[in-house]
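Trainee: Please help me to check the words used for a structure, so that I learn to set each value against its cut-off before I accept the word.

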Amino acid sequence: MTQKHKIPLVKWCGKLLAGLMAGTALMLWAYMLPTEPMRENVARSSSLFDLEGAYPELVKGYSYTRLDNFTDSIMLGAAIYDGEEPLTEQAMQNFHIDSMELPPVLALTNYANQVTAYEYYKVAYGRYWHGYLVPLKLLLLVFDYGDIRILNFFLQNFLLCIVLGMLVRTEKKKYTPAYLAAVFTLNPLTTALSLQFSAVYYIILISSLCMIRAGREGKAEDGRTDNLFFFTGMATSYFDFLTYPIAGAGILLVLYLNLQEGRIDKRQIKAGIKKLLLWGFGYGGMWAGKWLIGSLLTGTDFFRNAWEQSLFRTSAENCTRIGAVCKNIGVFLKWPFLLVFLTMAFCYFMKFRKANKLRKFLWHKEKTAVCAYMAVACLPVGWLCIMANHSWEHYWFTFRTFSVTCFAVGSLVHHCINS
C-alpha cells in the first residue's frame with residue numbers, strides 16, 4: 001500500500017477512535033445519573049403497559065402499525081437498573097431486570113413498582129452500545145414513558161417539517177413527494193410511539209438536514225459529505241437496537257444523487273460507492289469497538305457472544321433468504337397500500353406520457369441514472385437476505401428498510417421527468 005493510501009486510512013481510523021472514546025465517555029456519564037427518579041417515572045407508566053401489552057397493533061391486522069413495547073421494556077429496564085456492579089461494568093454490560101415468573105413487560109412494571117412477590121435476575125446485553133440510554137436516562141429524570149412518546153411525536157414532526165421546507169426552498173423540490181413517500185413507508189406514528197423505532201428515524205432526519213444544507217452550499221461533493229456518511233454509520237451503530245439501519249445509509253445516498261447538478265455520471269457513482277463504504281466502515285467499526293472496549297474494561301469476552309449472535313441472525317436454517325424478503329414485502333400486501341401504489345403509478349405514467357419522455361426513462365439517455373438509483377433501491381433486498389433470520393423473525397419492523405426503495409424509485413421517476 002502506498003503512502004498516498006495509508007494517510008486516508010489512518011485519518012478514518014483516528015476519527016473512529018475518537019468516536020469510540022466519546023461514546024464510552026457518554027455511556028459512563030449516563031450511568032452516573034441517579035436512577036431513583038427514573039424508576040418512579042417508569043412506575044407511573046405501568047398502566048400504559050398493562051393496557052397495551054407487548055406488541056399492540058394500532059390497526060388490528062396491520063403489521064405496519066405494530067408497536068414494540070417488548071423491546072421498549074428492555075430499554076427502560078436498562079435505564080433504571082441500579083445494581084452493585086462497578087460503573088464500567090454497568091456501562092458496558094448494560095444490564096436489565098427480568099423474571100422467570102413474568103414476561104419482560106410485566107417484569108419491568110413490577111420491578112419499577114418495587115413489587116417483592118417475584119424473583120428478579122439481571123440480564124447482560126453488552127453486544128449493543130445502547131447509546132439510546134444517554135437521552136433516555138436524561139428524559140426519564142423528568143418524564144414518564146407516555147410523555148416521551150408525545151415529545152417524540154412533536155420533535156420528529158418538527159424535524160420532518162424542516163427537512164421538507166429545506167427541500168422546497170432548493171432547486172430540488174421535485175424530490176419532496178418521493179421523500180414523503182419514504183417517510184410514510186417508515187410510518188412516522190409508530191416511530192414516535194416505539195422508542196426502538198425512533199433512533200434510525202432521528203438519524204435519517206438529521207443527516208438529511210446536513211446533506212441538503214451541503215447541497216445548498218454547493219458542497220455535496222466535498223469531504224464534508226464523506227464525513228457525514230461515516231459519522232452517520234457510527235451514530236446508527238451507537239444508538240440503534242438493530243431495527244432498520246440500512247435505511248439511514250440508503251436514504252442519505254439517494255439524497256446525494258438527488259443533489260447532483262445535471263446528469264448523473266460514473267464519477268457520482270464512484271463517489272456514492274465510496275460514501276456507502278465509509279458508512280459501512282463507521283457502522284461496523286463502531287460496533288466492533290464496543291466489543292473490544294467492553295472486553296478490556298470488564299474482562300468478559302464480548303466477541304464470542306457477538307459472533308454467535310451474528311451467525312444466528314444471518315443464518316437461514318428456519319427460513320429462506322428470498323422468503324425473508326417476501327415476508328417483509330407482505331406487510332404492504334393490503335388493499336390500502338395497493339390502491340395508493342396503483343394511483344401513484346398511473347399518475348407517473350401520465351406525466352411521462354405528457355412529457356414525452358418514456359423512451360428516455362426506459363433506457364436511452366438516462367441509463368446511468370437508472371443504474372444508480374436502481375442499485376440503491378436494491379440495498380434493502382441485499383440487507384434482508386444477509387440478515388435472513390432477523391428479517392424473517394422481525395419482519396414487522398424490518399420492512400422499513402424498503403423506505404430506501406420507495407425513495408430511490410420515486411426520485412428516479414422525478415429525475416427523468418424533469419431532466
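Trainee: Why is Arg 313 called buried?

Mentor: The relative accessible area of Arg 313 is 18%, and the word buried is kept for values under 20%, with exposed for values over 50% and partly exposed for those in between (1.4 Å probe, protein chains only). Since 18% is under that limit, Arg 313 counts as buried. Keep in mind that this is a predicted model, in which local features need pLDDT of at least 70 and side-chain atom pairs count only at pLDDT 80 or more, while totals for chains, interfaces and linings use all residues. Residues are numbered from 1 along each chain as its sequence is written, and side-chain values use heavy atoms, with hydrogens and water left out.

Trainee: What makes the pair of Arg 313 and Glu 393 a salt bridge?

Mentor: The closest N and O atoms of Arg 313 and Glu 393 are 2.9 Å apart, and a salt bridge asks for a side-chain nitrogen of Lys or Arg within 4 Å of a carboxyl oxygen of Asp or Glu. The distance is within that limit, so the pair qualifies. Arg 313 is in helix 15 and Glu 393 in helix 21 (residues 388-393), 80 residues apart, and in this way the pair links distant parts of the chain; helices here are DSSP runs of H or I with at least four residues, strands are runs of E with at least two, and both are numbered from the N terminus. Unlike its buried partner Arg 313, Glu 393 is partly exposed, with a relative accessible area of 39%.

Trainee: How many salt bridges does the structure hold, and which parts does the one between Lys 122 and Glu 85 tie together?

Mentor: There are 10 salt bridges in the structure, and in one of them Lys 122 meets Glu 85, with the closest N and O atoms 2.5 Å apart. Because Lys 122 lies in strand 2 and Glu 85 in the loop between helix 4 and helix 5 (87-93), this pair ties together parts that are 37 residues apart in sequence. Glu 85, at 14%, is buried, whereas Lys 122, at 41%, counts as partly exposed. Arg 304 and Glu 308 form another salt bridge, with 3.4 Å between the closest N and O atoms, but both of these lie in helix 15 (residues 302-313), 4 residues apart, about one turn of the helix.

Trainee: How do you know whether Cys 161 is in a disulfide?

Mentor: A disulfide is a pair of cysteine sulfur atoms within 2.5 Å, and a search of the whole structure finds 0 of them. For Cys 161 the nearest cysteine sulfur, that of Cys 210, is 18 Å away, which means that the limit is not met and Cys 161 is in no disulfide. Cys 161 is exposed, with a relative accessible area of 55%. Cys 326 is likewise in no disulfide, its nearest cysteine sulfur being that of Cys 385 at 9.0 Å, and with 45% relative accessible area Cys 326 is partly exposed.

Trainee: What makes Leu 58 fit for a nonpolar patch?

Mentor: Patches are made of residues with over 30% relative accessible area and no salt bridge, with nonpolar side chains (Val, Leu, Ile, Met, Phe, Trp, Tyr) joined within 5 Å and like charges within 9 Å. Leu 58 has 40% relative accessibility, so the area condition is met. Leu 58 forms the surface patch with Val 59, Ile 150, Phe 153, Phe 154 and Leu 189, and together they have about 540 Å² of accessible area, a value that comes from the Shrake-Rupley method with a 1.4 Å probe. Helix 8 (residues 145-168) gives the most to this patch, with 3 residues, while Leu 58 is found in the loop between helix 3 (46-52) and helix 4 (69-80).

Trainee: Why is Asn 187 singled out, and is this residue buried or exposed?

Mentor: Asn 187 has a positive phi of about 65° although it is not a glycine, and it is found in the loop between helix 9 (176-186) and helix 10 (188-193). Its relative accessible area of 7% makes Asn 187 buried. Gln 114 also has a positive phi, near 60°, and sits just after helix 6, but at 53% Gln 114 is exposed.
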